[in-house]
Amino acid sequence: VTTEAAALTDRHGVVHALPAPDAEAQVRADDRAHVFHSWSAQALIDPVPVAAGEGSTFWDYQGNAYLDFSSQLVNLNLGHQQPDLVAAIQQQAGRLATIQPSIANDVRGELARLIAEVAPEGMEKVFFTNGGADANEYAVRMARTFTGRRKVLSMYRSYHGSTATAISLTGDPRRWANDSVDNGTVRFFGPYLYRSAFHSETLEQESQRALEHLEQTIQLEGPSTIAAIIIETVVGTNGVLVPPPGYLQGVRELCDRYGIVYIADEVMVGFGRLGEWFGIDAFDAKPDLITFAKGVNSGYVPLGGVVIADRIAAAFDTVSFAGGLTYSGHPLACAAGVATFEVFRRDGILERVRDLGSRIVEPTLRGWVDKHPSVGEVRGQGLFWAVELVRSKETREPLVPFNAAGADAAPMGAFAAAAKKGGVWPFVHFNRTHVAPPLVITEDELVRGLAALDAALDVADEYT
Ligand code: PLP
C-alpha cells in the first residue's frame, strides 16, 4: 500500500482519493461538538480522525499510517475494505437492502446454515442479533425460559457487553457504575494462574481448584436457582486468559450434573481469532449456547447471534419464544457474513492464524519476558495474545493499578504513545497490551508491528 498526499493505492492497485488534510479540522469540530462517545469523560478525550483504511492499516488525515494491532475492537478479522465483503454488501443493497425477520430470506438462511455447519454437532439453529451484548441477552433469556430458573453465574474477570443484562453479567469494573441493574448475576473466580485466586502453582492445580470453587458456588447458591453459567472461551478484554487443560470440560460436567445451561461467549474469539471457527473447538468442550458477533462479518454491518443446541431449540417448537429485534439477521450483515465464509475458505485464514501465531507471535512474545523487566507474563493462542506489564517481576505488582485512570495510568499511556509513534495502534487495557491484528496481516507487517511494540516496551521498562 502506498500513500501520496491525496491518494492511497491499495494492494489491488485501486487508487482511492483521501480527504484533504484541511478537512480534519471540520471532522474534529463536529466530533467534539456533537458526538457523545462510549466509556469516556467527554471533555477529556481527543479522538484521532481517521481518513481511510486498507487491510491491516489505517491512516489519519496527516497521512500517518497505523498498523492496527487491535483490529479496531477485535472485530476487524478480515481487515479494512476487504473487497469481497464490500462487493457482497453492495450487491445485496442493490437487490434487497432490508427485510424484516419473520420473513424467510436467502442470505439469512444461507449464513445460518454455514454457521451450523462449523458449529459443534447438534447445534443446528441460529438466532440473529445486532451485536454481542444482545446475543448474550438472548442467550440468557433462552436459558431462563428453558430451565425456569433465574440466576446466572459469570466470572469476575469478564466482559459480556453493555446492555442491561450484559453489563450485569460483566464482572470487570465497567459494571460498577451500572450495578443498580439487578439481573440475578452471581460472580465467581475463573482460572488465572499468574494471579491465582487459589494460590495454585501449576495449571493442573488451577484448573482443579477453580472447578471446586465453581461447584461450591453452585451448591451454596442453590443449583435449582441457576439457569446458566456464561464463560468467555478465552477471556478477552480481561487479559486473554486461556483456560487450563480440563477446565471447560469440567464446566460442562458441572452443568450436566446440576441441569445448568452452559453459554460460551465467543463474541471476541469466534470466527478465527484462535485459528478455529469457534474457540471451543480448541478446548474440546461442548456448550449449549454459543454467542458470536464481531468476526462473523468483521463488523462491516452490525451482526451477532446465538447458536442453539437442538434440545434447547426444540423446547420452542410448540411454545413461542418471547423475543425479537427489528434488524435480526439483516440482509446486508448476512451477505457480508456469507462472503466471510468464502474468504476464510479460499484464503486458508484459519491455517494462517495458527501458523503466524505459533511461528511468529508466540516465540517473539516469549522472548520479551527475558528481555524486558516490565513484561511479567505473555499468554495467548492464534492471533490473540496479551503482554502483562508489571513494576516488578518478583512481586508481580501491575505496572498500573487495577482500573487505573489519570496520572495512575501514565506508564501505559507512555507505552501506547511510543507504540503509535512507531506506527502501531495498540490495544491497551489496564496493565496489558494485547496483540490482536487482523487475521489477514502479512508476515512483514506482523514482524514490523511486533518490532515497534518491542521498542515501545523500552519505555515501559523505565517505570519498573
Ligand atoms: N462479549 C465479549 C466477550 C466481548 O468482547 C464483547 C465486546 O467487546 C461483547 C460481548 C459485547 O459485544 P458488543 O459490543 O457487540 O455488544
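Let me start with two helices. The axes of helix α11, residues 349-371, and helix α13, residues 443-461, come within 11 Å and cross at roughly 10°. Angles under 35 degrees count as roughly parallel, and α11 and α13 are therefore roughly parallel to each other. The crossing in which α11 passes α13 is right-handed. On the α11 side, the contact is made by Leu356, Ile360, Thr364 and Trp368. On the α13 side, the residues are Glu443, Leu446, Val447, Leu450, Asp454 and Leu457. Sorted by class, this contact of α11 with α13 has seven nonpolar, one polar and two charged residues. I should say now that this is a predicted model.

Next, the sheets. Strands of a sheet pair through backbone hydrogen bonds, either parallel or antiparallel.

One open sheet has seven strands, and their order is β7-β13-β12-β11-β10-β8-β9. Its pairing is mixed. Which strands are at the edges? They are β7, residues 125-129, and β9, residues 185-188, and each of them pairs on one side only. On average, neighbouring strands of this sheet are turned by 20° against each other, direction ignored. Looking at the β7 edge, β7 pairs with strand β13, residues 304-308, in the antiparallel sense, over five bridges. Within that pair, Phe128 stands opposite Gly305 in β13.

Another open sheet has four strands, in the order β4-β5-β6-β16, also with mixed pairing. Here β4, residues 50-54, and β16, residues 424-425, stand at the edges. Each has a single partner strand, so one side of each is left without a neighbour in the sheet. The partner of β4 is β5, residues 57-60; the two run antiparallel and are joined by four bridges. Ala52, for instance, has Trp59 of β5 as its bridge partner.

Last, two residues with a backbone angle to point out. Ser71 is not a glycine, yet has a positive phi of about 45°. Where is Ser71? Its place is in helix α2, residues 71-74. Is Ser71 buried or exposed? A residue with 20 or more other C-beta atoms within 10 Å counts as buried. Ser71 has 30 of them within 10 Å, so Ser71 is buried.

The other residue is Val240, also with a positive phi of about 45° and also not a glycine. Val240 lies in the loop between β10, residues 226-232, and α8, residues 247-258. For Val240 there are 27 other C-beta atoms within 10 Å, so Val240 is buried.

That is what I have for today.

Terms used. Residues numbered from 1 in each chain as written. Predicted model: local features only at pLDDT ≥ 70, side-chain atom pairs only at ≥ 80, totals over all residues. Axes fitted to C-alpha atoms, helices over the stretch in contact; angles between N-to-C directions. Parallel < 35°, antiparallel > 145°, perpendicular 65-115°, else oblique. Left-handed = near helix turned anticlockwise from the far one by under 90°. Contact = placed C-beta atoms within 7 Å. Nonpolar A, V, L, I, M, F, W, Y, C, P; charged D, E, K, R; others polar. Buried ≥ 20, exposed ≤ 12 C-beta atoms within 10 Å, placed from the backbone. Pairing = 2+ DSSP bridges.
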